[in-house]
Amino acid sequence: MTYESFHNTNIGELLSVQAVRFSNQTFLRLDGERLTYADVEYQSCALAAGLRGLGIQPGDRLGVILPNTPAFVITIFAAAKAGLILVPINVRRDSDNVLTRLIKTRPKALVTFSEPKEFNGTDHLNMVTNMWSDLPDLAHLIAVSPTRKSQKKNRIISWNSLLDDTAPLVPSTAKPQNPAAIIHTLGSSGEPRGATLTHGGLVHNASNIAARLDCTAEDVFLGAIPFSNTFGLTSIILTCVVAGAQLVCMPHYRPHEALRLVEETSVTILPGVPTMFALELNHPDFNPSACASLRTGIMAGAPCPPELVRRVREEMGCNLLIGYGLTEASPAVTMTHLEDGPITATETVGRPLDDIELKVIKGKSESLSPGEEGELCVRGYNIMTGYWEDPQATAQVLDEEGWLHTGDLAIIDPDGPVRIVGRKDEVIIRGGFKIYPGSIEMVLRSFQGILDAAVVGVPDLIYGELTCACLVREPKADFAKEQVLAFARVHLPDYAIPDRVIFFEALPRHPGGPVQKDYLRERVRIRGHAWKFGRNVDTDAIIPARHCNTADPRELALHCMEDADANFVKKMRRGDLIVADSNFGCGSSREVAPLTIKAAGVSAVVAKSFARIFFRNAINIGLPILECPQAVDGINEGDEVEIEPAAGIIRNLTTGAQYQAVSFPDFLRRIIDVGGLLAYAEERLAEKNSA
Amino acid sequence: MAHTLAEKILAAKCDQTQLSPGQFVNARVDLVLASELSGILAIEEFEKIKGARVFDPKKVVFVMDHFTPAKDIKSAEIVKQCREFAQQHGIRFYDVGRAGIQHILLPEQGLIAPGDLIAGADSHTCTHGFIGAFGTGIGSTDAAVAMVLGEMWLKVPESSKFIYHGKLPKWVGGKDLILHTIAQIGVEGARYQAMEFTGEVVAELEMNDRFSMANMAIEAGAKAGLFAADEKTRKYIRARGRDDGLYLQSDPDAEYTNVFEFDVSEFEPFIAVPFIPENVRPISELNGLEINQAVIGMCTNGNLEDLRAAAEILKGHKIHPRVRAVIIPGSQKVYLDAMREGLIEIFIEANCSVSTPTCGPCLGGHMGVLAAGERCISTSNRNFRGRMGHPDSEVYLSNPYIAAASAIAGEIIVPDQLHQKAQA
């Protein structure tokens, strides 16, 4: 099926057409409640008429703060039919976040609910009532099942009472290119921006998703993803309607509940973010045979670990698809195909949906060839018209030719599939190596016992940035950071192995949104134990005895550090520091001694000076050095040392002394910044050639 | 502003008029040097650089000297790779039979002139300070990059001045001066500094003595060891086909981190005892210490004048029955000149082994490696534990007169005592 008939329609018409085709078929299910397509069509028309009756006009905004319930779905279609622009807000947002979004979009009416017992004590109706005075445009507050008392006291309109409206609805004439919804997404500094999405963009996108999933009216979707975001709105609700399928609503996501619903309601399509799948697979209630009804699913919304995708495919026995999208693109941009081979199906985000163009660029607009890494740009019917009343922010992401600059770094394989490698603005550049926190987080989350992971870059005087993995252990999980690092060493390239691992009770998150990385960064410091080496540890003094056995400098040097102390490398922990006098490691080992130390994971060297060959080579390969003679004298082996690299501060936590390192010369910083001397040489070569 | 010799050389290499210690510069190099030991690693790094070409094939030199003639298959293969790289890039390549120990060979071939900046992937590149060139040891990555860019980054070093007064006593030479100096300041005493050697004794010193001193500047942690080029230098390089170079001197009011003055008149020969070059004793304290081996030559004392010194002592003697002596001329030319002068005959008559030029035993590589419990007197520059072989062997560093006399006596001795000992 291509569902081409829905490529040019509005959301209200979509439901009207399907309500005729599938009138008595079940559309929405919640617990025992079932609503047919005809029911939903009828109720949404009634609600639309009721909203119009309140004086709300086409083009006005309608705020919605509801959990995943039939009322939410009905309100979405009602808004469309009345020509209102929907502003859905996640039920998990706190009052400040809600207020910001409402102030920006100025809705005429807002639909919410009140179930504090179910939502950790948060009474959403109360919350909005309390901020009403700050919202002069908000004329009507509508609540699903309000108490009589609140209705009376606060002029709250009952959502149900609006359904009683029998006034004839003058259907909206919204064109496909008219705005249907403003959905907020977070900008790079965490501020919300409202992506204005069109009817045509959303419905066309849903029909493309339905086609990729090969959906039919026989399918049953599990509605666990919040309907307030585009994943929920487009990929679940609208896709379901395009296919005439069923949607099982799930107001609160809990993994065991999801598993129960899959089995009891014979779900065939399971959309979710990677964490949901991981929680379900790892849940004690998980039973592969209870997932027998699953045909396919969509994993999207975050980087998808190939290992997890493979597990879902094997253990849930479903032909899971991976999707890539973003709010500004309604959201789906690429998806894998049901027929894809195992590598494309697990390691890529698939190929672009029909009628969507992709390109990968370097800088502002230079197009790259397949196989080259750059920023992914998307163009097509699905791209937002802009951020709501924010032309400046819009201009940052949407160029004159209609390309949406996603901020995601991607590679388009020569044969078509797309690989997302990370976020442009989250890239950590550590000693010249680009590190994508998402890809490390993905690997760390696949470690048994890790519930949540965030990787942040912390400023470092020498490396520019270091990586710090902030991890949340599953309850009762008992493992140390060494085990995580051992795991990382197997699954990550050496430069991407986290420099620091810190355990948290929970990661600070924007409600339902991304981790508050700025906050995490502030909490990260470099801390480790000192290893002290004096001048007598001169590898030249140790190596020659080995010359009798080999003339290969690489072999000689590889042994040199172990020779210095038989257990030297083994005893070192990632993040430890070397506190060295300057004669440390010169001679034939000069290349490999620093490399060996680096491989052992030392995060910094505190040295008396940038003096001899060892240090020169350490810089050349990007090993961090803080020059501070007083610290060398003031730190003993085994002392716990904390460094604030950007500030050049070295603290001996054992003695309480604090030292200030010599500021690192800009000249050397450039060598470090570009990734070491070889990369620097390439730059210098280019400079010289152009001169 | 007044400048030291080191600052003046570096300033000339980066077209600056003023350079201060601590400043970082990219300086043009006049020669990039590697042995097979460092060259093989440099080649690996070179090949990682996109678009790498040798900046000037005439200014890149590979000298096969550490494990040559190839001591085993591995060293043969390493040399082979270096040879192939050299052919491919047309760089200067010195192989067995045409070579010598790099620091002796390069000036001999007229490849170095006063005021040059030499980037050598060998820690004893500081040797070239003996003709007023700024030579400094670098790593193989640096060598690869210098081969491509024709420049190297470095921090302008501070300088310390070492002034030698008085008159050199008999049997005392440049080697003794540098051993005494290291003993005074320690192996860290000139850390990342340019050591500048001067004074009336230095003015009189022969080039081979200056060579030994500059060679061991690294043993005091120095970045370079420098002699201001003078008429002796001019004569030396002219004899090797060069008549160019920068004849620079420190300004009289230049600033030095430290100034050391020594009166050498009362010096006696010095010996560095295990296991660090700063462990220096006057020979009188070590008289009678038995040895098993003597090694004379190599880079520190491998010039013709050094061999003459050894031959002067060995002539007409046999070395002690318990002792092996290995003579290692610093280059093919030194070897040939020594042969023509009859020195080789003297050595062989004295039961010494004469080796083709190589660094071999100095770094425990081959051609005279020590067994456990053996003691060696050597004219080389390092005496760290295990340096010449077994970790339980010992190396004593001396000048060639002492090494030769000790080989004859079977124990550490000054040549004057040989006669007494023979009579006893």
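**Exercise 1. Which residue is the bridge partner of Asp408(A) in β22(A)?**

Solution. This is a predicted model, in which local features need pLDDT of at least 70, side-chain atom pairs count only at pLDDT 80 or more, and totals for chains, interfaces and linings use all residues. Residues are numbered from 1 along each chain as its sequence is written, while chains are lettered from A and ligands numbered from 1 in the order in which they are written.

Step 1. Find strand β21, residues 404–412 of chain A. Helices (H or I, at least four residues) and strands (E, at least two) are DSSP runs, numbered from the N terminus.

Step 2. Follow its pairing with β22(A): 5 bridges, running antiparallel. Two strands pair if DSSP finds at least two bridges between them.

Step 3. Read off the partner. Asp408(A) bridges to Arg423(A) in β22(A).

**Exercise 2. Place these strands in their sheet and identify its edges.**

Solution. Step 1. Write the order: β18-β17-β19-β21-β22 of chain A, an open sheet of 5 strands with antiparallel pairing.

Step 2. Look at the ends. β18 (366–367) and β22 (418–423) of chain A each have a single partner strand, so one side of each lacks a neighbour in the sheet.

**Exercise 3. Is Ile356(A) buried or exposed? Describe its surroundings.**

Solution. Step 1. Locate the residue: Ile356(A) lies in strand β17 (residues 356–362) of chain A.

Step 2. Count neighbours. Ile356(A) is buried because 22 other C-beta atoms lie within 10 Å. The cut-offs are 20 or more for buried, 12 or fewer for exposed, and partly exposed in between, with C-beta atoms placed from the backbone.

Step 3. List contacts (C-beta atoms within 7 Å). Leaving aside residues up to four places away in sequence, Ile356(A) touches Val333(A), Val378(A), Gly380(A) and Asn382(A).

Step 4. Check a spacing. Thr334(A) is 22 residues from Ile356(A) in sequence and 8.6 Å away in space, C-alpha to C-alpha.

**Exercise 4. Show how helix α4 of chain A is packed.**

Solution. Step 1. Take residues 95–105 and pick out the buried ones: Val98(A), Arg101(A), Leu102(A) and Thr105(A).

Step 2. View α4(A) down its axis. Its buried residues fall within an arc of 95°, so they line one face of the helix. The arc is taken over directions from the helix axis to the C-beta atoms.

Step 3. Name the cover. It includes β3 (61–64), β4 (85–88), α5 (124–131), β8 (179–186) and β9 (192–198) of chain A.

Step 4. Step past the end: Arg106(A) follows α4(A), with a positive phi near 45°.

Key. Contact = placed C-beta atoms within 7 Å.
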